[in-house]
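Here is a short set of exercises to try with the model open on your screen. Attempt each task before you read its solution.

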Amino acid sequence: MSRPHPETISPTAHYTGYVWFAHGQSHEAFATRTGRLMYQALRGPNAAAHAIGWPTLEGMLLARHRLIDLRLEQAIEAGEVSQVVEVASGLSPRGWRFRTRYGKKLTYIEADLPGMALHKQRILRELGGETAHHRTAEVNALADEGPHSIEAICAALDPTRGTAIITEGLINYFDREMVSGMWRRFARALSHFPNNLYLSDIIMRDGNRGPFTVGFGWLLAAFVRGKVHVHFGSADEIEAALDAAGFEATVLDPRAFAGELVDLETAGASRVRIIEAAAKRA
Ligand SMILES: C[S@@+](CC[C@H](N)C(=O)[O-])C[C@H]1O[C@@H](n2cnc3c(N)ncnc32)[C@H](O)[C@@H]1O
């Protein structure tokens, strides 16, 4: 059976893909050997940090993933969303889990750069193949136009149905200008649908300073090889930037959802926020 070629997958995508698998949120088709090795290497530091109440990378990743799941699920159940484009979906099993749960009621596009989109195609083939309701697409979140722009992907969807865009583990790799440009493109593409939703995780400076965060910050920087951008100081700044890009946004703190999220690690959850936004109508 074909497997993704590891060299074209970013190391963090391997790791996060394995975290979902290790916590029963995924299928082994999404788990890679590199992901398992990274997970095993970080298990010690994560367990030590967890034991003394420090934030862990794993705790942060699970908090962000589960809160995005929860808000998406609530929007689907409320009838507000029935089409989803997950941009930079990597080795995330979300599309597969939502397709298993909602079947034809939901159209789910797993979009990523060409190499990763190809890997996702192979994984989905192992899990029964792509369908009209669950398929992969090539996207470049930085493209203004052309067949791989978000505009083109959204234009091919049903304009009468509520539509969501999701990004997870993407924003903090882009500099501020790239993020603002991407948000403007997302707002424009979403504004044509009767209902729309944008969900994303983001790491901001608030809550990521002070002695307790030193270990976590070091681990995070090592993990992403120092290529992380923290653009905004506070939730207010994030909401203002999204407003300027064409969204009405709220920044959610996963700790406020402790009652609804299983096994929430409060310390890890405190390091991340979830953007929930709606594009202003065209
Ligand atoms: C850290 S991984 C996150 C994957 C997944 N969302 C997760 O949480 O596990 C980052 C992903 O961003 C994708 N990516 C990077 N630049 C991109 C771009 N310009 N457009 C679309 N995807 C991009 C990479 O291919 C990779 O799959």
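**Exercise 1. Find which residue of S7 stands opposite Ala-249.**

Step 1. Ala-249 stands opposite Ala-277 in S7. Helices and strands here are DSSP runs numbered from the N terminus, with H or I over at least four residues for a helix and E over at least two for a strand.

Step 2. Look at the two strands as a whole: S6 and S7 (residues 273–279) pair in the antiparallel sense over six bridges. Two strands pair if DSSP finds at least two bridges between them. Strands of a sheet pair through backbone hydrogen bonds, either parallel or antiparallel.

Before you go on, note that this is a predicted model, in which local features need pLDDT of at least 70 and side-chain atom pairs count only at pLDDT 80 or more, while totals for chains, interfaces and linings use all residues. Residues are numbered from 1 along each chain as its sequence is written.

**Exercise 2. Give the strand order of the open sheet and name its edge strands.**

Step 1. Seven strands form the sheet, in the order S3-S2-S1-S4-S5-S7-S6, and the pairing is mixed.

Step 2. The edges are S3 (134–138) and S6 (247–252), each of which pairs on one side only.

Step 3. From one strand to the next, the twist averages 20°. Axes are lines fitted to C-alpha atoms, for helices over the stretch in contact, and angles run from 0 to 180 degrees between N-to-C directions.

**Exercise 3. Work out which strands H4 and H5 lie across.**

Step 1. H4 (residues 94–102) lies across S1 (83–87), S2 (107–112) and S3, and runs at about 170° to S2. Contact is counted when two C-beta atoms, placed from the backbone, lie within 7 Å.

Step 2. H5 (residues 114–126) lies across S2 and S3, running at about 160° to S3.

**Exercise 4. Decide whether Ile-165 is buried or exposed, and list its contacts.**

Step 1. Ile-165 lies in S4.

Step 2. Ile-165 counts as buried because it has 28 C-beta neighbours inside 10 Å. The cut-offs are 20 or more other C-beta atoms within 10 Å for buried, 12 or fewer for exposed, and partly exposed in between, with C-beta atoms placed from the backbone.

Step 3. Leaving aside neighbours within four places in sequence, Ile-165 touches Val-85, Val-87, Phe-186, Leu-190 and Tyr-198. Ile-165 and Val-87 are 78 residues apart in sequence, yet their C-alpha atoms are 7.0 Å apart in space.

**Exercise 5. Describe how H7 is covered.**

Step 1. H7 (residues 176–190) has 15 residues and reaches 21 Å from its first C-alpha to its last, close to the 21 Å expected at 1.5 Å a residue. The expected span is 1.5 Å times one less than the number of residues.

Step 2. Among the buried residues of H7 are Phe-186 and Leu-190, both of which are in contact with Ile-165.

Step 3. The cover over the buried residues of H7 includes H6 (150–155), S4 (163–167), S5 (196–202), H9 (235–245), S6 and S7.

**Exercise 6. Explore the shell around the ligand and the helix that gives the most to it.**

Step 1. H1 (residues 11–22) gives the most to the shell, with four residues.

Step 2. Of the 21 residues around the ligand, Thr-16, Ala-88, Gly-90, Ala-141 and Gly-169 come nearest. A residue is near a molecule if its C-beta atom, placed from the backbone, lies within 6 Å of it.

Step 3. Sorted by class, the shell has 10 nonpolar, nine polar and two charged residues. Here Ala, Val, Leu, Ile, Met, Phe, Trp, Tyr, Cys and Pro count as nonpolar, Asp, Glu, Lys and Arg as charged, and the others, Gly among them, as polar.

Step 4. H1 is mostly covered, with 10 of its 12 residues buried, including Thr-16. Just after H1, Gly-24 takes a positive phi of about 70°.

**Exercise 7. Compare the surroundings of Ala-88 and Asp-263.**

Step 1. Ala-88 sits in the loop between S1 and H4 and has a positive phi near 65°. Ala-88 is buried because 22 C-beta neighbours lie inside 10 Å.

Step 2. Asp-263 is in the loop between S6 and H10 (266–269), and its phi is positive, about 50°, although it is not a glycine. With 9 C-beta neighbours inside 10 Å, Asp-263 counts as exposed.
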